[in-house]
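Colleague: Could you walk me through this one? I keep getting stuck on what the labels stand for.

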Amino acid sequence: MQRAQIAHCDGVAVYAGFEGAGVGGLREVADGVIHLDCLEEPDVPELAYRGVFFDYAFAVGLRNTTDTLTEACIRLHLCPRSAHRNIRFMRGPYWIKEQRGWRQLLPTNHASGDGWVDTRLTLGPDQDTILATRPYWTATETEEIAGEYAARLPFASVRSIGETAESRDLWVIETEPRDDRIFIMSSLQSAEFAGDTVLHVLDWLGTPTCRSTELLERFQFVVLPVPMPDGVAHGYSIMNARGRCPMFDFGPALRGEPCAEESAHLWCELVGHPPRLSLDVHVHPGDIVSPKLNNVLPEWYRDGAAAEVAERVGEAMLAQCPEWRLVPVPLDRPDFHMQDSLMVLMAKHLGSAAFCLQDYALTAEGTKPLLISILDAALEEICRDG
């Protein structure tokens, strides 16, 4: 976690140093505003990562030190890269922590200028909360939430597939074993939190219908809600605690070379029981934009049969939305290392139908119906394949 920082202004203490904090620096100013700088991730291994990804995660603690209602004004300074790319992340939506849950702030709370955003909110007497651009869960909360699902759903159980460099578990929630496995995970970018969205698959399966009964009898579902707990804890966007980028570290994992612990454990899990379908879910709330489906080109699959199944599954998913943007995974762009990405390696070495859903909805909740719609269509196509 980051070092403890604190600034005071007009009865409000603004602080970092807690699990999930994401802020570069706090500066108290005289005009009733506390300025915050973006966090820079240390030891980014490739210049290309700096050019494409910069910190757009943001989380800071707010504590009202008075016994009256007090207004806080937080000014977030956008770094140049975040200002011209990923604006939808840094400019909101913003969230306020309420116990274990989160509440999204209305746009009327914000004002913006050239390279900065002001967020104003009222804190109750002695209120202590977190302001963030992602409704994240800590490692402890993830374990509790996973346990609650296992306790509530008779067909589900919780298992750790390994530990991170800082000894945080990678928890999966899985249904009863079957020959055919479906793997669904939140994005391997801790700033793009989709844990609650992917767990909605279990909510859907937990509703006793003919369809859910049929699917549970045919498939084992494995859901990974938080694949980068160290990154979440440090407030990073794409890096883990050792300065590695797990989403581009699966090639080294395949070759037995040094790599991110998250990548090594996840690759071992998938090789041990290759899924028929893998779906990586990204959620970008704040703007209503056509959703994007990333697929792997047919020639990159290990054989023609796997490519044919993946193509039919992709077509079934695309049929669920009239405004899809289909974007194949690029292997020829120098600013991405997609040849070492999980999707490509699953297609090439495991034959899994591998896709990435990127949804741009008004709220994170808005992604859930689309996820269920495309998943149901994909499973129907896999059932036809036998």
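Modeller: Sure, and let's start with a pair of helices: helix 10 and helix 12 make a right-handed crossing. Keep in mind that this is a predicted model.

Colleague: Which residues make the contact between helix 10 and helix 12?

Modeller: From helix 10 you have Val-309, Arg-312, Val-313, Ala-316 and Met-317. From helix 12 come Ile-374, Ala-377, Ala-378, Glu-381, Ile-382 and Asp-385. Contact here means heavy atoms within 4.5 Å.

Colleague: What makes up that contact by class: how many nonpolar, polar and charged residues?

Modeller: There are 8 nonpolar residues, 3 charged ones and no polar ones.

Colleague: And what describes the way two helices pack?

Modeller: Two things: the angle between the axes and the distance between them. For helix 10 (residues 304–318) and helix 12 (residues 367–385), the axes cross at roughly 145° and come within 8 Å.

Colleague: What else does helix 12 lie across?

Modeller: Helix 12 lies across strand 14, strand 15, strand 16, strand 17 and strand 19. Its direction is at about 170° to strand 16.

Colleague: On to the sheet, then. What is the order of its strands?

Modeller: It's an open sheet of 8 strands, ordered 12-13-15-14-16-19-17-18, and the pairing is mixed.

Colleague: Why are strand 12 and strand 18 said to stand at the edges?

Modeller: Strand 12 (157–163) and strand 18 (325–328) each have a single partner strand, so one side of each has no neighbour in the sheet. Going from one strand to the next, the twist averages 25°.

Colleague: How do you know that the pairing is mixed?

Modeller: Look at the partners of strand 19. Strand 16 (residues 277–283) pairs with strand 19 in the parallel sense, over 7 bridges. Strand 17 (residues 289–295) runs antiparallel to strand 19, with 5 bridges joining them. Two bridges are enough for a pair to count. With both senses present, the label mixed fits.

Colleague: Which residues stand opposite each other there?

Modeller: Ser-278 is opposite Ala-354 of strand 19, and Val-289 is opposite Tyr-360 of strand 19. Elsewhere in the sheet, strand 14 (residues 180–186) and strand 15 run parallel and are joined by 6 bridges. There, Met-185 stands opposite Leu-224 in strand 15.

Colleague: Which helix packs on the sheet and touches strand 13?

Modeller: That's helix 5 (residues 195–206), which touches strand 13 (169–174), strand 14, strand 15 and strand 16. The direction of helix 5 makes about 155° with that of strand 15.

Colleague: Why is strand 19 called largely enclosed?

Modeller: Count its residues: 8 of the 8 in strand 19 (residues 353–360) are buried, so the rest of the structure largely encloses it. Both faces are covered, with Ala-353, Phe-355, Leu-357 and Asp-359 buried on one side. On the other side, the buried residues are Ala-354, Cys-356, Gln-358 and Tyr-360.

Colleague: And why does helix 11 get that description?

Modeller: In helix 11 (residues 342–350), 7 of the 9 residues are buried, so helix 11 is also described as largely enclosed by the rest of the structure. The buried residues, among them Leu-342 and Leu-350, pack against strand 14, helix 8 (250–255), helix 9 (261–272), strand 16, strand 17 and strand 19. After helix 11 comes Gly-351, with a positive phi near 75°.

Colleague: What makes Gln-220 buried?

Modeller: Buried means under 20% relative accessible area. Gln-220 has 4%, so it passes that test and counts as buried. It's found in strand 15 (residues 219–224), and its side chain reaches the backbone oxygen of Thr-175 at 3.0 Å. That separation is within the 3.5 Å cut-off, so we can call it a polar contact.

Colleague: Why is His-265 called partly exposed?

Modeller: Its relative accessibility is 25%, which lies between the 20% and 50% limits, so it counts as partly exposed. His-265 is found in helix 9 and touches residues including Ile-161, Glu-163 and Leu-170. His-265 and Glu-163 are 102 residues apart along the chain, with 7.8 Å between their C-alpha atoms.

Colleague: How much of the protein chain counts as buried?

Modeller: Of its 386 residues, 58% count as buried. The chain comes to 12 helices and 19 strands.

Conventions
Residues numbered from 1 in each chain as written. Predicted model: local features only at pLDDT ≥ 70, side-chain atom pairs only at ≥ 80, totals over all residues. Heavy atoms only, no water. Axes fitted to C-alpha atoms, helices over the stretch in contact; angles between N-to-C directions. Helix = DSSP H or I, 4+ residues; strand = E, 2+ residues; numbered from the N terminus. Left-handed = near helix turned anticlockwise from the far one by under 90°. Nonpolar A, V, L, I, M, F, W, Y, C, P; charged D, E, K, R; others polar. Buried < 20%, exposed > 50% of the residue type's maximum accessible area, 1.4 Å probe, protein only. Polar contact = N/O pair within 3.5 Å; in protein donor to acceptor, adjacent residues only side chain to side chain. Lists of a residue's contacts leave out its neighbours within four places in sequence.
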